Structures are given as C-alpha cells and as structure tokens.
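Hello,

Here is the structure I promised to pass on. My notes follow below it.

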Amino acid sequence: MSRITYVNGAYLPEEKAKISIFDRGFLFADGVYEVSSVLNGKLIDNTAHLARLHRSLNELAMAAPASDDEITAIQEELIKRNNLKEGVVYLQVTRGAADRSFTYPVNTPSSLVMFTQEHDLIDNPKTQTGLSVITVPDMRWGRRDIKTVQLLAASMAKQAAIDVGADDAWLIEGDVITEGTSNNTYIVTHDGTIVTQHLGHKILSGITRQAVLTLAKEDDIIIEERPFTLDEALQATEAFVTSASTFVLPVVRINGTDIGNGKPGRIAHKLRQIYLDKALNGTLA
Ligand code: PDD
C-alpha cells in the first residue's frame, strides 16, 4: 500500500507527490529539514525539532511555510493516515520554485513536503551488537549547524563505510572527530566522563544530544563538551552516537580497532534505557 505524503497543502499518495524542477531545493540544496521520531504513534521531542527548524530557516532568511501548530497538525495527520506506530516523520522546507538564479527569489512562497517512514526504532539489532565505524575526512561546508538538505558529503562518507563492511562513518577534521554522517558522536573516558564536540558551526546541535546530555547530568555523569581526537576515541572505554532515528547506539569498533572490550558499553546502554523510558511515558524535556 502506498504512503500518503504531504506536498504544499495537499495529502497525496506517494506516486502523485511531485515538486517542480525549478524548486530551489532541487537546484541549489536551498532547503532545510527535520526528522522526528514516532513511538506508539506519538511524535517524540517534536517541539525541540520545530524550534531547530526555525533556527535553520532564520539562518537562511527563509520564510516559515506554516505555523508550528499547523506543521504539527500535518505531522499528526500523516501519522494517522499511514497508521504509523514506530518510525519517523520527515519534513522539508525549501525556498520554493523560481527561475534559476543565484540570488534569492522575492515573493516566492516556500515549499513544504512531508512523508513518513516505518522503522523498528526500539528493537534495533545494533543495540545488541554495536556499530562498527570508519573515519572519513569531513568534507562538508562551514555551517553544519544549519540542518540543510545539502547531504552529499555525508552520503559519500556513509557509502564509503558500507563499501568496506562497516556500519557508518565518523567524520574527522585534522585529528578531531566532528560528528557522524547523521548523528552526534561521544566517547567515555576511563574515569566515566562523557566527551562530545561542543556546539558551534562545526556540528549539528542534535535534539537527541540535548536530551541525552540533560539525562546524563541528572544521572550525575560528568560531561565535557570539547573536541576529541581519533586517538582519544581509540583509548576510550566506550563510544556511542545519538540521533532522532537511532536514539542512543553503542559504537564498538573504529577503523577495525575494538573500543574498550569491543562490546556495547554500560553508559550507552543506560542512557538509551533512560531516554526510551522518558520518550515512551511522555516525560522527555
Ligand atoms: N540526522 N548530526 C548530523 C549531521 C545529523 O544529520 C543528525 C540527524 C544529527 C542528530 O540530530 P538529532 O538528534 O536532532 O536527530 C547530528 C537525521 C536523523 C537524518 O538526517 O536522518
């Protein structure tokens, strides 16, 4: 059965969901997006995702396509129409369709599309095995804090990982790990401190990152928000990633070297449990 999608005011079966060839998302990657997870048919931490959407839009001087209440109503309608219990809602805003020109068009309405994807987010088998990652040079642009649809460098890095039998890539700049292809990255040092790259233009301010760091602090875990190197990661007792589509997932191997004992770590496991408990009972943030 085909999914029902949303395209600029209309709910359409996916085969009928079309966008203009002049859409600036298509021609210039002039668009931003959000991915919100859904558990038991409910959006998780969606208010924070919409707040980040506004930030991305503001940074690019792009108009919001609808109010937050309207966007949320469309997300919920898609969940209902597709009977989505577990998975994600993807939403994308672009600067709209206008004749090709490097300058921003004037008075062109922004475009809003959304669709759902079904995934087993809770019973992800990688929770048990952990992820194996390789490092790939971070070739992305200088404003990774804006969640744009300009994802080719990340896609190339992920494919390079898959091609050598790994699960994902950690992006490296000089000797520092910035983040994963579509997740934030963390290591745990021998004294149990979590280290993760600080916010700024080099990484996306992950919504799951924000929630997980708050939960870790509440659990009296020390956090250091600073760059960490590949060498530090290889010496760590554990490593993990966070994102809306994976929550917290352990990383057990980097470039073929086991991290800690090569098994999913205790802290990653605990944070995943706490995050899921709060997400499922609606007490996240
Ligand atoms: N990606 N860093 C990057 C580069 C990302 O693309 C993502 C999310 C994150 C984690 O952010 P959050 O916790 O808000 O999901 C960090 C989404 C899931 C994607 O592109 O599918």
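The domain assignment splits the protein chain into domain 1 (4-118) and domain 2 (126-280). Keep in mind that this is a predicted model. Taken over C-alpha atoms, the centres of the two domains are 26 Å apart. Each side brings residues to the contact: 21 from domain 1 and 21 from domain 2.

Now the interface. Domain 1 and domain 2 bury about 1800 Å² between them. Of that area, 65% lies on carbon and sulfur atoms. On the domain 1 side, Tyr33, Leu39 and Arg52 supply 33% of the area buried against domain 2, more than any other three residues.

The polar side is as follows. Two salt bridges are counted between the domains. Six residue pairs are in polar contact across the interface, with both residues at pLDDT 80 or more. Strand 3, helix 2 and strand 5 each give two or more residues to the side of domain 1 that touches domain 2. Strand 3 has the largest share, with seven residues. Separately, the side chains of Glu59 and Arg143 form a salt bridge at 2.9 Å, N to O.

Helix 2 is worth a look. Its 14 residues (46-59) should span 20 Å at 1.5 Å a residue, and the end C-alpha atoms are 20 Å apart, so the two agree. Buried residues in helix 2 include Asn46, His49, Arg52 and Leu53. The buried residues of helix 2 pack against strand 3 (31-39), strand 4 (42-43), helix 3 (68-81), strand 5 (87-94) and helix 6 (207-218). Just after helix 2, Ala61 takes a positive phi of about 50 degrees.

Best regards

Methods:
Residues numbered from 1 in each chain as written. Predicted model: local features only at pLDDT ≥ 70, side-chain atom pairs only at ≥ 80, totals over all residues. Heavy atoms only, no water. Helix = DSSP H or I, 4+ residues; strand = E, 2+ residues; numbered from the N terminus. Expected span 1.5 Å × (residues − 1). Buried < 20%, exposed > 50% of the residue type's maximum accessible area, 1.4 Å probe, protein only. Contact = heavy atoms within 4.5 Å. Domains from an automatic or database assignment. Buried area = accessible area lost by both parts, 1.4 Å probe. Salt bridge = Lys/Arg side-chain N within 4 Å of Asp/Glu carboxyl O. Polar contact = N/O pair within 3.5 Å; in protein donor to acceptor, adjacent residues only side chain to side chain.
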